[in-house]
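Let's take a friendly walk through this structure together. Have the sequence and the 3D view open as you read.

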Amino acid sequence: MIRRRAVLSAACCLLSSIALAPAARAIPPFMKEFQAKYAKPDSADENEKTFAALIIETTKCNVCHVQGEPKKARNAYGTALSKLLKKGDFGTERLKAEPDKVTAEIVAAFDAVAAEKSAGDGSPTFGEVLAQFKLPGDVSAAEVAKTEPTPEPMPEPAPGAPAPAEDAAAVPEGDTTAQISKLGGSVMQLAQNDDSLVVDFHLGGTALTNDGLAQVKDLPKVVELNLKDTQITDDGLVHIAGLGTLVRLHLEQTKITDAGLAHLKDLGNLEYLNLYGTPVTDAGLEHLKPLAKLKKLYVWQTQVTDEGIAKLKEALPEVTVVK
């Protein structure tokens, strides 16, 4: 178990590694997709559940880096990924503009690296290592150093821009973040040079309730909130009604109804809203008409009709509704 923990702590660092060397700075997307692909917390198989808990609860930089070494010392898995996920391809603006395409690229990189040998001829592939409920980067720092390219220097920040964090994978400190972590959620910076926050409960927080959601309102600059599969109800959304910086909101497969959507009417920066698998109807769409920046709305497997969508588009002609 100790060995697994050391090797595993990773999807998060894949970020940091990718933030410091020739790769992306977008920390939450890498970690989220790694967890989504390899963690199965709801499985009936005890091995899969244990492995999922390890990934979700202790994942840090060591999936791609070497524990105790400088961040430039990536392990074999991190080195392989860094060749596919290049610096500059996952900047803040692109994350907001092309979320689905970004996800597809990250998953494709995971798939490609999963087919590679973990330690040369005769060794199992990284995918085979993961299938054995082990983390893929179990190599020594010395072996990593032999293949590790010299990282490119980070560009100087623009005048007046916040200084980059020393460790892009670091979670903001404070009691609020700790409480969210205890509830099975995570709080991450959107990118190394962007202190906007992504709050995600969709893997570890299925038991999240309305009271737990109250923690989120105390965080600054939350731009994305993922509440998929949690136990929140309409009353819980009152806690996020004041998150004026929120850009993306996942409510899919929750118990949110038309009444709950009334709490979203003042989220003036909201661009993406996912209501897949909820009992929302055309009446609920009326509450979304004040959201002038809304560009993408998912209402698949809801009770929303084509007529309701047409009425919404009269108020928001730029919105794309996926039904």
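What follows begins with a set of strands, then turns to a loop and the nonpolar cores. Please keep in mind that this is a predicted model.

A good place to start is strand β2, residues 194–200. Is it covered or not? Mostly covered: 6 of the 7 residues in β2 are buried. On one side of the story is strand β1 (residues 186–191), which pairs with β2 in the antiparallel sense over 5 bridges. Within that pairing, L197 of β2 has Q189 opposite. Strand β2 also pairs with β3 (residues 222–226), this time in the parallel sense and over 4 bridges. Here you can look for D200, whose bridge partner in β3 is N226.

Now follow the chain past β3. The loop between β3 and β4 (248–250) holds D229. Is D229 buried or partly exposed? With a relative accessible area of 29%, D229 is partly exposed, because buried would require a value under 20%. Although D229 and H250 are 21 residues apart along the chain, their C-alpha atoms are separated by 9.5 Å.

Next, look at the nonpolar residues. In soluble globular proteins, nonpolar side chains tend to be buried together. The largest nonpolar core here has 39 residues, and L225, L249, L251, L264, L273 and L297 have the most contacts inside it. Two or more residues of this core come from each of β2, β3 and α14 (306–315). L225 is worth a closer look: leaving aside residues up to four places away in sequence, L225 touches partners including V199, F201, I240, L249 and H250. Apart from this core lies another, of 29 residues, with Y38, A52, A109 and V113 among them.

Technical notes
Residues are numbered from 1 along each chain as its sequence is written. This is a predicted model: local features need pLDDT of at least 70, side-chain atom pairs count only at pLDDT 80 or more; totals for chains, interfaces and linings use all residues. Side-chain values use heavy atoms; hydrogens and water are left out. Buried means under 20% relative accessible area, exposed over 50%, partly exposed in between (1.4 Å probe, protein chains only). Two strands pair if DSSP finds at least two bridges between them. A nonpolar core is a set of buried Ala, Val, Leu, Ile, Met, Phe, Trp, Tyr and Cys residues joined through side-chain atoms within 4.5 Å. Contact means heavy atoms within 4.5 Å.
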